[in-house]
Amino acid sequence: MEYKYDEESVNALMKWAENAQLPKEVQLSEAEKIMDAKQYVQANLSDIRAHYPDEFYNPAIQRLYRLKSKVEEGE
């Protein structure tokens, strides 16, 4: 998946994250297990809202893209 960091793409990702029906737990990879997906989303959204477009915080955007991909893969 290609990650986009333009304002329109980030806003669409944030809107998805705010409205998505998330499971309680998500296994992102063999080494990454999210125990509380809603809290995970809120933490990343807070970073994005506070710091976007500072590129140092792009990992928060990447984490949401990865979560979205995993959740949509399971649908």
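Let me start with Glu7, which counts as exposed because its relative accessibility is 53%, and exposed here means over 50%. This residue belongs to helix H1, and I should say at once that everything I describe today comes from a predicted model, so please hear each value as computed from that model. If you look from Glu7 across to Pro53, you will find that the two are 46 residues apart in sequence, and yet their C-alpha atoms are 8.0 Å apart in space.

Pro53 deserves a moment of its own, since the peptide bond that joins Tyr52 to Pro53 is cis, with omega at about 10°. For those of you who are new to this, most peptide bonds are trans. As for where Pro53 sits, you can find this residue in the loop between H2 and H3.

Let us go back to helix H1, which covers residues 7–19, and look at another of its residues, Ser9. Is Ser9 buried or exposed? Ser9 counts as buried because its relative accessibility is 16%, and the cut-off for buried is under 20%. The side chain of Ser9 is joined to that of Asp6 by a polar contact of 2.8 Å, and, once we set aside neighbours within four places in sequence, Ser9 is in contact with Lys4 and Tyr65.

Ser9 is also where an annotation begins, because the UniProt record, an unreviewed entry, lists residues 9–73 as "domain: DUF6965", and such annotations may be inferred rather than shown by experiment. In the model, the chain over residues 9–73 is 65% helix and 11% strand, and the C-alpha atoms at the two ends of that stretch are 20 Å apart.

Now I would like to turn to a pair of helices. In general, two packed helices are described by the angle between their axes and by the distance between those axes. Here helix H2, residues 37–51, packs against helix H3, residues 58–74, at an angle of about 145°, and the axes are 9 Å apart. The crossing of H2 and H3 is left-handed. Which residues in H2 and H3 meet? From H2 we have Tyr40, Val41, Asn44, Leu45, Asp47 and Ile48, and from H3 we have Ala60, Ile61, Arg63, Leu64 and Leu67. Sorted by kind, the residues of this contact are 8 nonpolar, 1 polar and 2 charged.

Let us stay with Asn44, whose place is in helix H2. Asn44 counts as buried because its relative accessibility is 3%, and its side chain makes a polar contact of 2.7 Å with the side chain of Arg63. Apart from neighbours within four places in sequence, Asn44 is in contact with Ala60, Arg63 and Leu64.

The last region I want to show you begins at strand S2, residues 32–34, where we find Ile34. Ile34 counts as buried because its relative accessibility is 6%. Which residues is Ile34 in contact with, leaving aside its neighbours within four places in sequence? They are Lys24, Glu25, Val26, Leu28, Tyr40 and Leu67, and you may recognise Tyr40 in H2 and Leu67 in H3 from the helix contact we have just discussed. Ile34 and Pro23, which are 11 residues apart in sequence, have their C-alpha atoms 9.9 Å apart.

Finally, Met35 is found in the loop between S2 and H2. Beyond its neighbours within four places in sequence, Met35 is in contact with Lys24 and Glu25, and both of those residues are also contacts of Ile34. From Met35 to Asp54, by contrast, there are 19 residues in sequence and 28 Å in space between the C-alpha atoms.

Conventions: Residues numbered from 1 in each chain as written. Predicted model: local features only at pLDDT ≥ 70, side-chain atom pairs only at ≥ 80, totals over all residues. Heavy atoms only, no water. Helix = DSSP H or I, 4+ residues; strand = E, 2+ residues; numbered from the N terminus. Buried < 20%, exposed > 50% of the residue type's maximum accessible area, 1.4 Å probe, protein only. Contact = heavy atoms within 4.5 Å. Polar contact = N/O pair within 3.5 Å; in protein donor to acceptor, adjacent residues only side chain to side chain. Axes fitted to C-alpha atoms, helices over the stretch in contact; angles between N-to-C directions. Left-handed = near helix turned anticlockwise from the far one by under 90°. Nonpolar A, V, L, I, M, F, W, Y, C, P; charged D, E, K, R; others polar.
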